[in-house]
Amino acid sequence: MSITTSPWSFFNSVPPLIPSSPYSSIKIVTSLTPLNPVEASFALPELGSKRRRRRKWRATDGGGEKQLGTVASPATKSFGDDNAVDSASAVVRNFYGGINAHDVDSVQYLIADNCVYEDLVFPQPFVGRKEILEFFKKFTNSTSKDLQFVIDDLSTEDSSSVGVIWHLEWKGKAFPFSKGCSFYRLEMIDGRRQITYGRDCVEPAIKPGDATLTVIRSVTWLLQQFPQLAKWL
């Protein structure tokens with residue numbers, strides 16, 4: 001007895017069993033509804049693999065038409081929906097990612113047009129997206145991709161402000177005098193969460209230690225004795 005099958009269905013190709021056969025009481029289904037490849041992917045379980053795969057799903061619109069789509073990752077978000085906008089901490093992480101990749105233009109939309117960015121190494125803040133981008137492009141053009149920002153800690157609870165503790169590494173090794181901390185303030189602008197203010201404080205190469213307290217005490221004494229000096233602060 002031979003049975004001819006297709007991958008998805010049995011056809012009327014099974015000859016009837018002879019009456020003397022001990023299996024004559026068995027009923028043979030000679031026709032099954034073919035399965036399309038999508039339905040077959042659910043009917044046939046994956047064997048020999050425990051790795052999770054991206055699954056296909058079938059959606060039905062109001063008219064009953066079946067659409068084929070891919071289940072999106074939870075990290076995939078679109079702007080314009082308050083429930084789908086990147087969190088403040090994600091915006092800051094993406095910002096550092098763009099700097100590390102030396103691709104400042106790819107993260108320019110994370111910076112508000114009127115953003116103010118203070119790097120305390122410089123005497124004046126950088127004001128506006130264009131000026132801030134120029135500053136970071138100068139930074140990336142003067143360094144190698146082997147020099148990377150590494151985030152040690154980052155606050156995640158607040159949707160309007162983020163604190164970051166970071167350091168620099170050169171080819172995976174800590175770079176000297178490169179510890180720092182930053183603060184960012186963010187706002188929702190045109191459906192996007194953008195950085196409106198930032199401040200960087202970097203570890204000084206010269207560490208005066210207790211001498212710093214002496215300087216502070218001396219300046220305080222001068223201000224007490226000569227209040228008019230306060231206008232120079």
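These are my notebook entries on helix 3, the strands around it, the salt bridges and one buried serine in a predicted model.

**Entry 1. Helix 3.**
I started with helix 3, which covers residues 129-141. I checked its length against the rise of 1.5 Å a residue: the 13 residues should span 18 Å, and the end C-alpha atoms are 18 Å apart, so the two agree. Next I looked up which residues of helix 3 are buried. They are Ile 132, Leu 133, Phe 135, Phe 136 and Thr 140. Viewed down the helix axis, the buried residues of helix 3 fall within an arc of 160°, so they line one face. On the other side of helix 3 I found Lys 130, Lys 138 and Asn 141 exposed. I then asked what the buried residues of helix 3 pack against. The list is helix 2 (88-100), strand 3 (111-119) and strand 4 (126-127).

**Entry 2. Strand 3 and its partners.**
Strand 3 packs against the buried residues of helix 3, and I looked up its pairing next. Strand 3 runs parallel to strand 9 (residues 192-202), and five bridges join them. Within that pairing, Ile 111 has Ile 195 in strand 9 as its bridge partner. Strand 3 also pairs with strand 4, here antiparallel, through two bridges. Val 116 is bridged to Val 127 of strand 4. I noted that strand 3 and strand 4 make a hairpin, with six residues between them.

**Entry 3. Salt bridges.**
How many salt bridges are there? I counted four, and wrote down three pairs.

The pair I took up to begin with is Lys 137 with Asp 105, where the closest N and O atoms are 2.9 Å apart. This pair links distant parts of the chain: Lys 137 is in helix 3, Asp 105 is in the loop between helix 2 and strand 3, and 32 residues separate them. I also checked how open each partner is. Lys 137 has a relative accessibility of 32%, so it counts as partly exposed. Asp 105, at 39%, counts as partly exposed.

Another pair is Arg 129 with Asp 113, at 3.0 Å from N to O. Arg 129 is in helix 3 and Asp 113 in strand 3, so this salt bridge ties together parts 16 residues apart in sequence. Is Arg 129 buried, partly exposed or exposed? At 22% relative accessibility Arg 129 counts as partly exposed; the cut-off for buried is under 20%. Asp 113 reaches 57% and counts as exposed, because the limit for that class is over 50%.

I also noted Glu 203 with Lys 207, whose closest N and O atoms are 2.5 Å apart.

**Entry 4. Strands 5 and 6.**
I moved on to strand 5 (residues 147-154) and strand 6 (residues 161-170), which pair antiparallel over seven bridges. Phe 149 stands opposite Leu 168 of strand 6. Strand 5 and strand 6 form a hairpin, and six residues lie between them.

**Entry 5. Ser 182.**
Last, I looked up Ser 182, which lies in strand 8 (residues 180-189). With a relative accessible area of 6%, Ser 182 is buried. Which side chain makes a polar contact with the side chain of Ser 182? It is that of Trp 166, at 2.8 Å. Leaving aside neighbours within four places in sequence, I listed the residues in contact with Ser 182: Tyr 96, Val 162, Gly 163, Val 164, Trp 166, Arg 199 and Asp 200.

Conventions
Residues are numbered from 1 along each chain as its sequence is written. This is a predicted model: local features need pLDDT of at least 70, side-chain atom pairs count only at pLDDT 80 or more; totals for chains, interfaces and linings use all residues. Side-chain values use heavy atoms; hydrogens and water are left out. Two strands pair if DSSP finds at least two bridges between them. Helices (H or I, at least four residues) and strands (E, at least two) are DSSP runs, numbered from the N terminus. The expected span of a helix is 1.5 Å times one less than its number of residues. Buried means under 20% relative accessible area, exposed over 50%, partly exposed in between (1.4 Å probe, protein chains only). The arc is that of the directions from the helix axis to the C-beta atoms. Contact means heavy atoms within 4.5 Å. A salt bridge is a side-chain nitrogen of Lys or Arg within 4 Å of a carboxyl oxygen of Asp or Glu. A polar contact is a pair of N or O atoms within 3.5 Å; within protein, one must be able to donate a hydrogen and the other to accept it, and residues adjacent in sequence count only if both atoms are side-chain atoms.
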